[in-house]
Amino acid sequence: MPITKTIASTASHSDVYTPKSGVPWDEYLDASGNVRRHFAGLARDLHDLPPGELKRRAETARRIVDEQGITYNVYGDPRGMERPWQLDPIPFLIAPAEWASLETAITQRAELLDHILADCYGPQDLIRSAWLPPALVFAQSDFLQPAHGIRPAGGRHLNFYAADLARSPDCQWWVLGDRTAIPTGAGYALANRLITSRVLPEPFRGCRVQRQAGFFRELQNSLSALAPHPVGDPRVVLLTPGPFNETYFEQSWLARYLGYTMVQGEDLTVRDDRVFLKTLSGLEPVDVILRRVDDDFCDPLELRNDSMLGVPGLVGAVRAGNVALANALGTGLLQSPAFMAFLPGLCQHLLGEELRMPSVATWWCGQKSAEKYALENLAELNVRPAFRTRPEPALSPDEMRARIRFQPHLWTAQERVALSTAPSWNGSALVPQPIVLRVYVVATPNGYRVMPGGLTRVAPDGDVRLISMQHGGASKDTWVLSDAPVEEVTLLQSPSRAIELRRVGNNLPSRLADNFFWLGRYAERADATARLLRSTLLRFNPESAGSAMPLLTPLLRAMELQGQLLPEWLTHNAEALEADLMGAIFDPTRACSLRNLADRLEHLAMLVRDRTSNDVWRVLSQLDECLTLPGEGRMLLAGEAIAVLNRLLMLTASLSGFSRENMTRAQGWRFLDMGLRIERSLYLCNFLDCALRSPGADNPSLLEAVLEFTDCTLTYRSRYNLLPDITAVFDLILLDDTNPRSLLFQLLQLVKHFERLPREKQSALPSPGHRLLIECVTRVRLLDPRELTGLIGGWHAGQTGAVLRDLLRDLPLLSDAIAASYFTHSSISRAD
Amino acid sequence: MEYRITHRTTYDYSEPVTVSHHAARLQPRTTDTQQPRNFALNIAPVPALRRQRVDYLGNQVCSFSIQENHRRFEVTATSIVAVANERPQSLALTPEWEGVVERFRDPVSPNDVAAYEFCLNSPLLYAAPEFADYARASFTRGTQLLAGARDLMKRLHNDFIYDPRATTVATPLTEVWEKRRGVCQDFAHLGIACLRSLGLPARYVSGYLRTLPPQGHERLIGSDASHAWFSVFCPQTGWVDFDPTNNILPANEHITVALGRDFSDVSPLSGVLTGGGEHTVDVAVDVEPLS
């Protein structure tokens, strides 16, 4: 344990920072306790901070993580999958000369791995000439036979690669692992940089930290260069396994940063051996796929047939040379730790050079001598499966011995590594924590390039096996220092190229249109539900039962029909009714409770993560917070609930404000707004229908509630200046097309949207959905609310009631018609 | 012997299929003992795209995509194949099995690499101590390789029940092992898993059987559909076939279509479709001698 003599923020940080005994290499202090030269600038800046300041900045960093919704997913976590990203605000620093030698070593390694892949998926000379044992390749499920013989676009299999590095006690860097399939974490490294440079601006400016943007520009250029058919502006997509993937956040972050459309397998289709994106206006060709889907899940036809994440026919399209995949299929082969045992020899053989950076000592038990060594030293070594397998419960030493003896080639043994330590912020002081550095490499037409920086991960217990996002643990920004002043690079295009002006973005994938539509519907549903609940609670009398409150009946009945209240409310006493109303707000298991709606909203926003702003995330995270009950078992008073609802209505209002003011009038916004209008119309019709069925439909108190729900109280007063009158109220709410809350206004907005939808524009006759909408508008326009004055006691029997009921029947059909025309990503099935 | 083989597969869908992608491995291979004379593959509706290639294991694959709406899809493969009349050689004069296992231990000679690929776990099959234990009753110390394989075939035939309702193409081997019943695919898989668990190279063969037996012979199981059996690698001799479903050594009534590590490498017809709803499949195979 570190010895902390005093609270760090009141003294120099290096005064109290004490490296763990028995760990010879500390990145910050040398053996005599002096701050290493390249850390000196940072140490001085931290020292100059006023007392308590570092703590405050660490908290700011944490808040930025929360607000930006930076998360990673943990499988099988009962508390819900998303976890906030753990950022340690103290960066890890690397001196310029040291970085130069790391860079050379890592590019050499990338080159070597690419050569090995080219051979395994090509002539297989290495196997035939005994440089590689055959089982090392053929026994792996990651060796994909269908990928054999495919020439990768751009000539390289490995376009993007990462290596995990650690420093041993003698100052030597070692490779702990190769990430050749889907190198994850570069997006998190970007996020770490963004936050760290913001909370520690003084050292970031003073330290000459190399920028990362140049690397991502090279990545962009290299991916564009892979496009098989020369086109002006190749379409690159990022293929994601979806929001349940561990690093979904990172994928959406990268997609947005790099300007790529983020797609799931179902968004793509293969026709004539070409890959297309399904968009609202039809199929659009895709040239390059940056894949985050595992190799064997990419195509259910030729690879794993149980995959729901891939694109049927993709391998055929790749084989035909019509689309480029980065990385190429089958690169996961080299992720096996067993390869490390053979790299020094292969490097000599293939590149004619010494391997510049050693790998952690590795024995592949497929070789007799290695098997013997592993069996004899089982306790001291880190023995694990050589190839990717399903996770299994831990084995006892005897079980493991039996397994190794039965199929030795499936096992590897590695030396345990003593990691170097670097300063970490533990909440009150700087303490030494073991670190592993992940560095990233991209293939460019001019060779491999290393990202200056990387993802430095902190092992909480010093156990290298625990360095994994699945196990928790923090990460930190990595500052590669420069001898010379650093250049600013931006990802935006250089001005030398004439830009083609555009008024519309790239065509929206159909699946995203679907998600936007429902985002609109649920946001409005939350808003309308909160209004109904607030009106109810304001009129709620804790003394009498639900059935004894005739004015509340239409409100309660409307909520019952919408699923917020259980049908038993009628028989409830006041206490049970109050509990029921609380359930309509906070009960996550009730289908349409506000809590449930907030969860659905968050899930939908997740699905359009790469297209929602951080402001929207902030609102959603506050929504979540305000719907979380204060403490186990504490009853909330009706008055407190009203405060919650008021706050919630502010939040839904800001959501609709963002969509109205900040989204361009492109397809995404159009579908969002269509969803909102349909939902608002439905809630309005339902509530008005309930109101008309009440024996007190013309009671001014009930009409007040109607005006309140529709947010029309002020408008009404300014026009009529008297007690609400049923005809005037219904006219204002149904027919006034200048009132943005009226039914007619919603329907007319929908008509405007319909006229601008891509497929409506092309056809001479209106589509089924459009037809339905025109009928609804006509029925509403022909209404005469003056009939209500004469319908005393039987208000709902008139024309107005009939039209409301027609709309309640037709609006869901309209929603279905939109789904059928625009969102059908018909299910994919298999026939064997 | 010369055979005409007709293999028709018909899919009927409850809802229209808008796009489908398929891969067919229906074209018989050329082997030491068989020579395909003619092959035709008819597909209805006519595919928008059709490609022919040889896969990693040397099988002919036809990949095709149908891009028009359809409710019925039919593939008919017609082949004429000449099969050598020679009887299988004596199984007694083969090496002892332990020597073969030793030969396929690291370091494996580059000359044996091709066969060695069939010693290892494959997508559907893995070695396990229980399979090795079962196999050891046939491979006692010093048993000659092919004599042991023949005994293993016989025991599988006796210990497992042929039952077309017990399993599907997707039933895992563990379940077959526990239920002790299955179809030709399962019998072949069991044989392969047993041999690989001992460290011997074994592969999966898909093909056909003559439909109507010569006069006075019993009709073989599996003759009205595609059939499957296993094959063992014997140094010097090469690959030798065993049909555990029928407990016979394939000779001139078995026609080989494709070879693989297990069924997943040689599925005669696979496909992924968009739409389609429920489907029904009808498979008809006819293997008729021409001479």
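Which residue takes a positive phi just after α3(A)? The residue is G69(A), with a phi of about 65 degrees. Keep in mind as you look around that this is a predicted model.

The helix that comes just before G69(A) is a good place to start. Helix α3 of chain A covers residues 53–68, 16 residues in all. From its first C-alpha to its last, α3(A) reaches 22 Å, close to the 22 Å expected at 1.5 Å a residue.

Further along chain A, the domain assignment gives domain 1 (510–663) and domain 2 (669–832). The C-alpha centres of these two domains of chain A lie 21 Å apart. Their contact takes 29 residues from domain 1 of chain A and 27 residues from domain 2 of chain A. On the domain 1 side, the elements that give two or more residues are α15 (510–539) and α16 (553–561) of chain A. The largest share of that side, 18 residues, comes from α15(A).

Now for the meeting of the two chains: 33 residues of chain B are in contact with 35 residues of chain A. On the chain B side, β1 (2–24), β4 (60–66), α2 (113–116) and β12 (269–275) of chain B are the elements that give two or more residues. Here β12(B) provides the largest share, 6 residues.

The make-up of these two sides by class is set out below.

| Side | Nonpolar | Polar | Charged |
|---|---|---|---|
| Domain 1 of chain A, touching domain 2 of chain A | 15 residues | 6 residues | 8 residues |
| Chain B, touching chain A | 18 residues | 13 residues | 2 residues |

How values were computed
Residues numbered from 1 in each chain as written. Chains lettered and ligands numbered in written order. Predicted model: local features only at pLDDT ≥ 70, side-chain atom pairs only at ≥ 80, totals over all residues. Helix = DSSP H or I, 4+ residues; strand = E, 2+ residues; numbered from the N terminus. Expected span 1.5 Å × (residues − 1). Domains from an automatic or database assignment. Contact = placed C-beta atoms within 7 Å. Nonpolar A, V, L, I, M, F, W, Y, C, P; charged D, E, K, R; others polar.
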